Each structure stands twice: as C-alpha cells, then as structure tokens.
Amino acid sequence: MQKNLQTLLPMLRRFAYSLTGSKADADDVVQITIEKLLVKGIPEDVEPAKWAFKVCRNVWIDEYRSRKVRQEAVQNEHLQEPVSTDEHSALEQKQLLEKVNSALGDLPDEQRAIVSLVAVQGMAYKEVAQVLDIPIGSVMSKLSRARSALYSLIKPDFN
C-alpha cells in the first residue's frame with residue numbers, strides 16, 4: 001500500500017491542483033484522500049490509481065464549499081506571490097499560465113476534471129470514463145466542449 005501511495009502521490013497532487021486551482025487546497029484534498037485510502041483501503045478488484053483518482057475527486061466535491069472560501073483568500077492580493085521576473089518572456093509565460101488557470105477555473109467542474117485527467121495526468125479516455133463513472137462518449141464530448149471553451153477564453157479574438 002505504501003509503495004502504491006508513493007507512486008500515486010505526485011499524480012494525485014497534480015490532479016487535485018487542477019481541480020482546485022490552489023496549492024493549499026490541493027494539498028488539503030490530497031491529504032484527505034490519502035487518509036481515506038489508508039483508513040478504508042483500496043478494493044482488491046480495482047486498479048489503485050483509478051480508485052485513488054475517484055476518491056480524490058469525491059473528496060474535492062465534498063470540500064467544494066470550503067474550497068470556495070479558501071479560493072477567495074487565495075485571490076486576495078496581499079496573499080499572492082509578488083511578480084519577481086526580470087525577463088519579458090518569463091512574464092509572458094506566467095501571464096499565459098495564469099490565463100489558462102483562470103480559464104480552467106471558469107469551466108464547469110466536470111469538464112475541468114476531464115481536462116485535468118486527460119491533459120495533465122495523461123489518462124486515456126477509457127480510464128477517465130472509469131474514474132468518473134460516465135460513458136466514454138460523454139468523456140469525448142465534454143472534453144471537446146471544454147477545449148472549445150478554453151480556446152474561446154484564452155483567445156477570444158479568434159472567434
């Protein structure tokens with residue numbers, strides 16, 4: 001179990017971060033996920049990674065209300081990291097990353113989870129369908145809508 005969790009931890013952290021948009025919130029979600037996995041265990045008939053993602057997603061849903069409160073605190077200017085770049089390209093990269101993160105935050109929860117699992121975790125559509133308990137066709141259509149929405153949010157001039 002410990003080896004499985006050590007392997008899964010970086011993937012869970014990336015997934016949780018993509019869902020919450022905040023490192024602090026992601027750490028909270030991952031911590032609760034690990035606690036649940038340790039206390040309740042992983043069923044023998046499921047793949048540990050898929051089970052862990054499912055638990056993580058459910059923890060995030062459970063924590064959604066408290067996340068909203070924490071999200072407001074993160075957006076407070078006094079609590080954000082100062083921009084510490086001298087190079088123009090580094091600043092542009094950071095602005096683009098912020099724009100993408102912001103656009104991800106504007107997506108509906110289910111689309112955001114699908115984008116995260118496919119784009120960040122590199123999971124196949126079939127795996128995402130199993131994790132989220134939805135048909136593979138729904139994964140593909142929601143991912144397509146999410147990609148279109150992200151493109152519109154990031155490059156609104158091209159529509």
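## Buried, exposed and in between

A residue is called buried when its relative accessible area is under 20%, exposed when that area is over 50%, and partly exposed in between. By this rule R112 is buried, because its relative accessible area is 4%. Please keep in mind that the structure shown here is a predicted model.

That cut-off will help on the rest of this tour. We begin with the core, move on to an aromatic pair, and then visit the salt bridges, a helix and a loop.

## The nonpolar core

How many residues does the largest nonpolar core have? The number is 38, and the residues with the most contacts inside this core are L12, F53, I114, L117 and V128. Seven helices give two or more residues each to the core: α1 (2–20), α2 (23–40), α3 (48–62), α5 (88–106), α6 (109–120), α7 (125–132) and α8 (136–154). Helix α3 supplies the largest share, with 7 residues. The core also draws on both domains, taking at least three residues from domain 1 (1–75) and at least three from domain 2 (87–158).

F53 is a good residue to look at here. Leaving aside residues up to four places away in sequence, F53 touches M11, L12, F15, L117, Q121, M123 and V131. Two of these partners, L12 and L117, are also listed with F53 among the residues with the most contacts inside the core.

## An aromatic pair

The count of aromatic pairs comes to 1. This pair is formed by F15 and F53, whose ring centres are 5.2 Å apart. Planes over 60 degrees apart count as edge-to-face, and the planes of F15 and F53 meet at 85°, so this pair is edge-to-face.

Where do F15 and F53 lie? F15 belongs to helix α1 and F53 to helix α3, so the pair ties together parts that are 38 residues apart in sequence. Both F15 and F53 are buried.

## Salt bridges

Side chains of opposite charge can pair when their charged atoms come close. A search of the whole structure finds 5 salt bridges, and three of them are described here.

One of them joins D27 to R13, with the closest N and O atoms 2.7 Å apart. The two residues sit in distant parts of the chain, D27 in helix α2 and R13 in helix α1, 14 residues apart. D27 is partly exposed at 34% relative accessibility, and R13 is partly exposed at 43%. Another salt bridge brings together the side chains of K54 and D133, at 3.4 Å from N to O. This pair, too, links distant parts of the chain: K54 is in helix α3, D133 is in the loop between α7 and α8, and 79 residues separate them.

A third salt bridge pairs D109 with R112, and their closest N and O atoms are 3.0 Å apart. Here both partners are in helix α6, and because they are 3 residues apart, about one helical turn separates them. Buried R112 has a partner that is partly exposed, since the relative accessible area of D109 is 30%.

## Helix α6

Does the span of α6 agree or disagree with what is expected of its 12 residues? At 1.5 Å a residue they should span 16 Å, and the end C-alpha atoms are 15 Å apart, which agrees. The buried residues of α6 are Q111, R112, A113, I114, V115, S116, L117 and V118. After the helix comes G122, which has a positive phi near 70°.

Q111 has its place in α6. Its relative accessibility is 12%, so Q111 counts as buried. Beyond residues up to four places away in sequence, Q111 touches K142, R145 and A146.

## The loop between α7 and α8

The loop between α7 and α8 holds D133 and I134. Is D133 buried or exposed? D133 is exposed, because its relative accessible area is 59%. Its phi is near 60°, a positive value in a residue other than glycine.

I134, in contrast, is buried, because its relative accessible area is 15%. Setting aside residues up to four places away in sequence, I134 touches E110, I114, A129 and V139. Of these, I114 is one of the residues with the most contacts inside the largest nonpolar core.

Notes: Residues numbered from 1 in each chain as written. Predicted model: local features only at pLDDT ≥ 70, side-chain atom pairs only at ≥ 80, totals over all residues. Heavy atoms only, no water. Core = buried A, V, L, I, M, F, W, Y, C linked by side-chain atoms within 4.5 Å. Buried < 20%, exposed > 50% of the residue type's maximum accessible area, 1.4 Å probe, protein only. Helix = DSSP H or I, 4+ residues; strand = E, 2+ residues; numbered from the N terminus. Domains from an automatic or database assignment. Contact = heavy atoms within 4.5 Å. Phe/Tyr/Trp six-rings, centres within 6.5 Å; stacked < 30°, edge-to-face > 60°. Salt bridge = Lys/Arg side-chain N within 4 Å of Asp/Glu carboxyl O. Expected span 1.5 Å × (residues − 1).
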